[in-house]
Amino acid sequence: MTGTTLVTALVSASPSSAAEIAHRMEQLRTPVRVLYVAAHPDDENTQMLTWLARGRSVRAAYLSLTRGDGGQNLIGAEQRPLLGVIRTHELLAARNIDGAEQWFSRLRDFGYSKSAPEALSKWGEEEALEEVVRVFRTFRPHVVITRFPEEGRTHGHHLASARLARSAMHAAGDAERFPDQVKAGLRPWQVRRLFYNFPHFWASRGGKPPPGARFDVDVGGFAAGLGRSYGELSAFSRSMHKSQGFGASARTGPWTETLVLLEGDEPKTDVLEGLPTWADIPGGGEVSSAIEDAFENFDARRPASAIPWLGRAHAAAAKIEDPVLASEVRARLEQLLVDASGLLVEARAEVAEVEAGGSLEVELKALARGEGPIVIRRVSGLGVDITPRVVLDKHAPWSKKIDIVAPAGEPTRPHWLEGQPGDFRYTVDAERGIHPMESTPVRLVFELGVGGVGLSYEVEVRRHWVDPVLGERTQPVEVAPPVAVTPAVSVLLVPEGQTQSLAFEVRAGPEGWSGRLSFEGGEVTPPTFDLELAAEELRRVEVGVKADKRGALRVLTSRAKAQIPAWSRRVVDHPHLPVVTHRAPAEVELVPVALTLPKGAVGYVPGSGDAVAEILGRAGLEVVSLDGTALTSGDLSRFRSIVVGIRAFNVNKDLVRARERLMGWVADGGTLVVQYNTKNWSSKLNIDIGPKPITINRGRVTDETAKVERLQKNHPLLTRPHRITDADFEGWVQERGLYFAETWDPAYTPLFSMHDPGEEPLKG
């Protein structure tokens, strides 16, 4: 149970219910593994995964090439890295329901791509293939299923995921391909079958599956132990993708999915027939016998009834000749032994942060809630090495307070964000990057005896607290800098020749902090701040900033004459996810602009994931947020201009109800600026967003460097309050434009034109 590889690859709720324990025992009755491959969080077919994991009881997993950090966010303002954090945890929450496992590559979601060649050129085709091959050689699937075709009209990431899966099927089994992986211990692995899961939504549009043996599979069964159909579990799993607005209704009864064989040996009737059993694996016979006994003798009213047979299977696993498989089976059996025993092991702290190298009091707690005896032989790590030799009988608690020493090194943050991520891939170590999460470094190792089996069990040190609405919550203790300096914004518009205010939140760690803040990369007034903060004290610091060129403003901290870069601290906290802290270098991008600001207040209708109102306010405008009451019955005549937030017509029902009143205000001379809205199967747009007819389409320009032609260079919207020039289109990191208008009334005047290579210009 030690190490991070298996711990982070498997998703299991512990302590587990009797139904979950029985389910995971049944999964051990077969060595078959199936990997589902697509491009993003929410691309996976959760009903297929549920059927595989809970219906066929194989080890099923989903490989998402990206963490979805180039997508959209319907539940908050988090974007880019923080959105990737949300969507990673949404995938883990989904897998915890459907029973599958989760893997990633280090490829980044850089936004919409129109073709597989474009996506692969940015990722690097050989580098991307190496990522997928690493997952194949690590998880070692017998069957691979792709979600998307290799050709067609859809997201280029989707097409690329299917192409990479086919290429990886061949490359993973070839020791000459990516030999560094083989030298590092990853054995070549040959996938037996590659299927394409032809989607219902394409069939409904008249699409045809590609040539190949076709298997129609009923995935609409019933998980009796959980009292739910696979369709219901699938809907609960799918609904975890809340940031994408993918709540789903429960499906009951038969449901057919189509699998088309693309490569590999062809089964006769069942997509999983003819795959290895334990009898086919050298040394697997005794393991199989013991697991069968454990499964047949399992009593749901008394899960510990399986412990003797699980212990026998654990001993027999040592005879499996494949060392990778032997290690995996032993680790899974060790988790089952702990869960079947009902053992609860905790390491609790009063705070959620500790300085690198700092000390922290921790209370160890253990309780045998099922059946004993369970032996705690040793607790080690973090400067601790104790041998309590405690024997826990049923319902007999044990506790002990100890002091730990936090690891040295950089502050804790999601492991894939370590280093400086590139635009198209993360730079974390490749072996670590494929795992969804890692345990925090603040963890202890308990050496236990369960049913006569000695095992090591890793336990994170966690803070527990009570939320008055959500109840008890927990959070792993993380290594933190002595002080966090978090800028209010990541990008600051600085009017040319003027001083712009910029605020920072300075938060001391649990030990307090005394030192100096300084800055580099811009003209800052005052240039330094001396602060003395008590433990966990928050202080707001505001400076004036001037900038004559674009660049990064960095914050430095000085303590005991040592000057080091400061770290920011941003907490991602949503009710359906664990609390996650993201730390990054404290920097602000300075963007000097020439502005001539209008007088009077500007109304703003909030949208989704929308920080534009705050940005306008920082640029010097007086911005007034307009809620439902203001829109439907407030005095709009006091505004010369009203700005409608991002996707507001999609998500703001008050705006939709007040549309006619707002258009009347436009007819009386008001200026309405409507930012983009989406139009797709999940975000309907059955309303004109302006006073005259206009139809929004899904047209995109994905080339971030595409030339932007200004069709009306002297139009007031392109000259005031800031004259738009070519410089405003430099340094873009995602689409040049999206959701263009398809048709519009002659009363509208297009201002821009742009296009991808080889395509007709889009105007808007």
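1. Helix α4, residues 81-98, lies across β2 and β3 in this predicted model. The helix runs at about 155 degrees to β3. A second helix, α3 (residues 46-55), lies across β1 (33-38), β2 (59-64), β4 (143-146), β5, β6 and β9. The angle between α3 and β2 is about 150 degrees.

2. The strands under these helices belong to one sheet. Seven strands make up this open sheet, in the order β3-β2-β1-β4-β5-β9-β6, and their pairing is mixed. At the edges stand β3 and β6; each has a single partner strand, so one side of each is left without a neighbour in the sheet. From one strand to the next, the twist averages 30 degrees.

3. At one edge of that sheet, β6 pairs with strand β9 (residues 256-264) in the antiparallel sense, over five bridges. One residue pair can be looked up directly: Asp218 has Thr256 in β9 as its bridge partner. Strands of a sheet pair through backbone hydrogen bonds, and the pairing can be parallel or antiparallel.

4. The loop between α3 and β2 holds Ser57. Phi of Ser57 is near 55 degrees, which is a positive value in a residue other than glycine. Is Ser57 buried or exposed? Its relative accessibility is 4%, so Ser57 counts as buried.

5. Aromatic pairs come next; the structure holds 10 of them. One is formed by Phe110 and Trp123: it is edge-to-face, with 5.9 Å centre to centre and 75 degrees between the planes. Phe110 sits in the loop between β3 (101-104) and α5 (116-123), while Trp123 is in helix α5; the pair links distant parts of the chain, 13 residues apart. Both Phe110 and Trp123 are buried. Ring pairs also bring in Phe424, which forms a cluster with Phe110 and Trp123.

6. Why is the pair of Phe195 and Phe215 called edge-to-face? The ring centres of Phe195 and Phe215 are 6.0 Å apart and the planes stand at 90 degrees; planes over 60 degrees apart count as edge-to-face. Phe195 belongs to strand β5 (residues 193-198) and Phe215 to strand β6 (residues 214-218), so the pair ties together parts that are 20 residues apart in sequence. The relative accessible area of Phe195 is 0%, and this residue is buried. Phe215, at 7% relative accessibility, also counts as buried.

7. Two arginines lie over aromatic rings. The charged end of Arg177 sits over the ring of Phe178, 4.9 Å from the ring centre. Arg700 lies over the face of Tyr112, with 4.0 Å to the ring centre.

8. Which residues have the most contacts inside the largest nonpolar core? They are Leu364, Ile404, Leu444 and Phe446, in a core of 62 residues. Helix α13 (residues 323-341) gives the most to this core, contributing eight residues. In soluble globular proteins, nonpolar side chains tend to be buried together.

9. The peptide bond from Thr525 to Pro526 deserves a look. This bond is cis, and its omega is near -10 degrees. Pro526 lies in the loop between β25 (523-525) and β26 (528-533).

10. Further along the chain there is another open sheet to inspect, made of four strands in the order β34-β33-β35-β36, with parallel pairing. β34 (622-625) and β36 (671-674) are at the edges, each with a single partner strand, so one side of each is left without a neighbour in the sheet. Direction ignored, neighbouring strands of this sheet are turned by 25 degrees against each other on average.

11. Within the four-strand sheet, strand β33 (residues 601-605) and β35 run parallel and are joined by four bridges. Val602 stands opposite Ser641 in β35. Helix α19 (residues 659-667) lies across β35 and β36 and runs at about 130 degrees to β36.

12. Arg647 is placed in the loop between β35 (641-644) and α17 (648-651). Its phi is near 60 degrees, a positive value in a residue other than glycine. With a relative accessibility of 4%, Arg647 counts as buried.

Conventions: Residues numbered from 1 in each chain as written. Predicted model: local features only at pLDDT ≥ 70, side-chain atom pairs only at ≥ 80, totals over all residues. Heavy atoms only, no water. Phe/Tyr/Trp six-rings, centres within 6.5 Å; stacked < 30°, edge-to-face > 60°. Helix = DSSP H or I, 4+ residues; strand = E, 2+ residues; numbered from the N terminus. Buried < 20%, exposed > 50% of the residue type's maximum accessible area, 1.4 Å probe, protein only. Lys NZ or Arg CZ within 6 Å of the ring centre and 35° of its normal. Pairing = 2+ DSSP bridges. Axes fitted to C-alpha atoms, helices over the stretch in contact; angles between N-to-C directions. Contact = heavy atoms within 4.5 Å. Core = buried A, V, L, I, M, F, W, Y, C linked by side-chain atoms within 4.5 Å.
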